[in-house]
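Visitor: I am new to this structure and would be grateful for a close look at a single part of it. Please begin with that part, and then place it within its surroundings and the chain as a whole.

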Amino acid sequence: MKYQGIIFDLDGVICSTDEYHYRSWKALADRLGIPFDRERNNLLRGVSRMDSLKIILEKSDKTYSEEEQIAFAEEKNALHRQLLSQMSPADLSDEVKNTLDTLRRAGLKLAIGSASKNTPFILERIGLGDFFDAVADGNCITHSKPHPEVFLKAAEMLGLKPAQCLVVEDAHAGVEAAVNGGFDCAAIGDARDDPRAAWHLKGVSDLLQQL
């Protein structure tokens with residue numbers, strides 16, 4: 001592999017919390033009388049909490065103050081963390097675990113690049129709290145994807161340049177963020193066929209074919 005480091009998006013790549021996001025946003029939207037469905041939810045993939053809220057509120061016929069919006073975001077996060085608390089190491093697939101272990105043994109530096117502020121909590125729940133060499137998340141960035149900040153931060157934490165890292169993403173906004181930052185990107189899941197990606201993966205274990 002020509003890369004020295006791999007930066008993984010968390011949700012949809014390492015584990016899946018999509019359903020928890022949907023259910024917590026749906027509960028908030030329903031309470032506010034705002035139409036929200038799974039198709040609308042797809043627009044929130046890879047997007048920060050406050051930016052996701054703004055997308056949801058676009059469908060509202062009311063205008064909310066900044067204080068109200070902050071309260072809504074906190075309400076959603078409380079619901080989300082309640083659902084996340086149900087997660088355990090069983091939510092980490094054998095494929096992902098074995099792939100991460102193999103990449104580590106190969107000497108690659110491994111990082112997380114996620115817009116979620118719940119990243120540390122999720123990693124702890126699935127048994128990867130101390131696994132990664134670096135974790136860049138919503139707690140240390142100001143811009144959501146497709147801005148490349150989170151991946152640039154992760155590369156910096158690894159002591160590597162973008163050209164030395166491969167980003168693994170399942171969202172089109174994440175692929176765009178990687179490309180915007182000068183990274184090669186391996187696309188998986190919903191973004192697998194994104195033409196901007198350098199690699200198109202059926203599963204995370206396909207990374208091992210590049211070793």
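**Helix α3 and its surroundings**

Guide: Within helix α3, the residues Ser-52, Leu-53, Ile-55, Ile-56 and Leu-57 are buried, a word that stands for under 20% relative accessible area, with exposed meaning over 50% and partly exposed the range in between (1.4 Å probe, protein chains only). Helices (H or I, at least four residues) and strands (E, at least two) are DSSP runs, numbered from the N terminus. The model is predicted: local features need pLDDT of at least 70 and side-chain atom pairs pLDDT 80 or more, while totals for chains, interfaces and linings use all residues. Residues are numbered from 1 along each chain as its sequence is written, and side-chain values use heavy atoms, without hydrogens or water.

What do the buried residues of α3 pack against? Their partners are helices α1, α2 and α4. Two of these partners, α2 and α4, can be followed through individual residues.

Helix α2 spans residues 38-41 and contains Asn-41. With a relative accessible area of 12%, Asn-41 counts as buried. Once its neighbours within four places in sequence are set aside, Asn-41 is in contact (heavy atoms within 4.5 Å) with Asp-18, Tyr-22, Trp-25 and Phe-36. Helix α1 covers residues 18-32, and Asp-18, Tyr-22 and Trp-25, three of the contacts of Asn-41, fall within that range.

Helix α4 offers an opposite case in Glu-74, which lies in this helix. Glu-74 is exposed, its relative accessible area being 53%. From Glu-74 to Gly-5 the C-alpha distance is 34 Å, and 69 residues separate the two in sequence.

Helix α3 also takes part in the largest pocket. A pocket is found on a 1 Å grid over the protein atoms alone as an open set of points where a 1.4 Å probe fits, with protein on both sides within 12 Å along at least five of seven lines; lining residues have an atom within 4 Å of a point. The lining of the largest pocket holds 37 residues, and those nearest its centre are Val-47, Ser-48, Arg-49, Ala-115 and Ser-116. Elements that give two or more residues to this lining are α1 (18-32), α3 (49-57) and α4 (66-84). Arg-49, one of the residues nearest the centre, thus stands at the start of the range given for α3. The largest share of the lining, six residues, is supplied by α4.

Another part of the chain gives a second example of a helix with buried residues. In α7, which runs over residues 149-158, Glu-149, Val-150, Phe-151, Ala-154, Ala-155 and Leu-158 are buried. Their cover includes the strands β1 (5-8), β2 (109-113), β3 (134-136) and β4 (165-169), together with helix α8 (172-180). Leu-158 of α7 and Asn-41 of α2 are 117 residues apart in sequence, and their C-alpha atoms are 32 Å apart in space.

Two backbone features flank this helix. Ahead of α7, in the loop that follows β3, lies Pro-146; the bond joining Lys-145 and Pro-146 is a cis peptide, with omega of about 20°. Just after α7, Gly-159 adopts a positive phi of about 75°. In general, most residues other than glycine have a negative phi, and most peptide bonds are trans.

Towards the end of the chain, Lys-202 belongs to the segment after β6 (199-200). Its relative accessibility is 68%, and Lys-202 therefore counts as exposed. Beyond its neighbours within four places in sequence, Lys-202 is in contact with Ile-188 and Arg-192. Between Lys-202 and Ile-112 there are 20 Å from C-alpha to C-alpha, with a separation of 90 residues in sequence.

The whole chain may now be set around these parts. It has eight helices and six strands, arranged from the N terminus as β-α-α-α-α-α-β-α-β-α-β-α-β-β. Along the principal axes, its C-alpha atoms fill a box of roughly 55 × 35 × 30 Å. Of its 211 residues, 50% count as buried. When contacts between residues at least 6 apart in sequence are considered, 60% of them join residues at least 24 apart.
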